[in-house]
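This report covers overall architecture, one strand pairing and the surroundings of a ligand.

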Amino acid sequence: MPKKYLVAPRSQKCIGCLLCVLATSRYERKKLGTKDSPITIKGRPSAYKIQIDYGEEIKFPEKIVQICPQNCFDTI
Ligand code: SF4
């Protein structure tokens with residue numbers, strides 16, 4: 001099965017809840033918290049930016065797509 005990659009085509013909808021950051025820490029690193037997550041949220045309300053570290057494999061991108069309440073993510 002081909003690899004899937006996480007992308008954020010609707011980043012303008014982000015509300016900065018950090019659920020995606022926490023989930024990637026948990027699923028990818030087996031850690032709790034926002035440090036060292038492959039996803040970083042920067043900016044301020046109504047102008048958040050989603051940064052995905054493509055230097056690291058995100059093994060469960062579908063879970064991150066599902067967890068975002070604003071539907072910011074997709075897989076390709
Ligand atoms: S889960 Fe979605 S809305 Fe929440 S910070 Fe991540 S991208 Fe933004």
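Ala, Val, Leu, Ile, Met, Phe, Trp, Tyr, Cys and Pro count as nonpolar, Asp, Glu, Lys and Arg as charged, and the others, Gly among them, as polar. By that scheme the shell around the ligand holds 11 nonpolar residues, 2 polar and no charged. The 13 residues that surround the ligand (C-beta atom, placed from the backbone, within 6 Å of it) have Cys 14, Cys 17, Leu 19, Cys 20 and Cys 68 as the closest.

The model is predicted: local features need pLDDT of at least 70, side-chain atom pairs count only at pLDDT 80 or more, and totals for chains, interfaces and linings use all residues. Residues are numbered from 1 along each chain as its sequence is written.

The protein has 2 helices and 4 strands, taken as DSSP runs numbered from the N terminus (helices H or I, at least four residues; strands E, at least two). Their order from the N terminus is β-α-β-β-α-β. The radius of gyration is 11 Å, close to the 11 Å of the globule rule for 76 residues, so the protein is as compact as a globular protein of that length. That radius is taken over C-alpha atoms, and the rule is 2.2 Å times the number of residues to the power 0.38.

Strands β2 and β3 pair in the antiparallel sense over 6 bridges; pairing requires that DSSP finds at least two bridges between two strands.

| Strand | Residues |
|---|---|
| β2 | residues 39–44 |
| β3 | residues 47–52 |

Arg 44 stands opposite Ala 47 in β3. The two strands β2 and β3 form a hairpin with 2 residues between them, and Ser 46 in the turn has a positive phi of about 70°.
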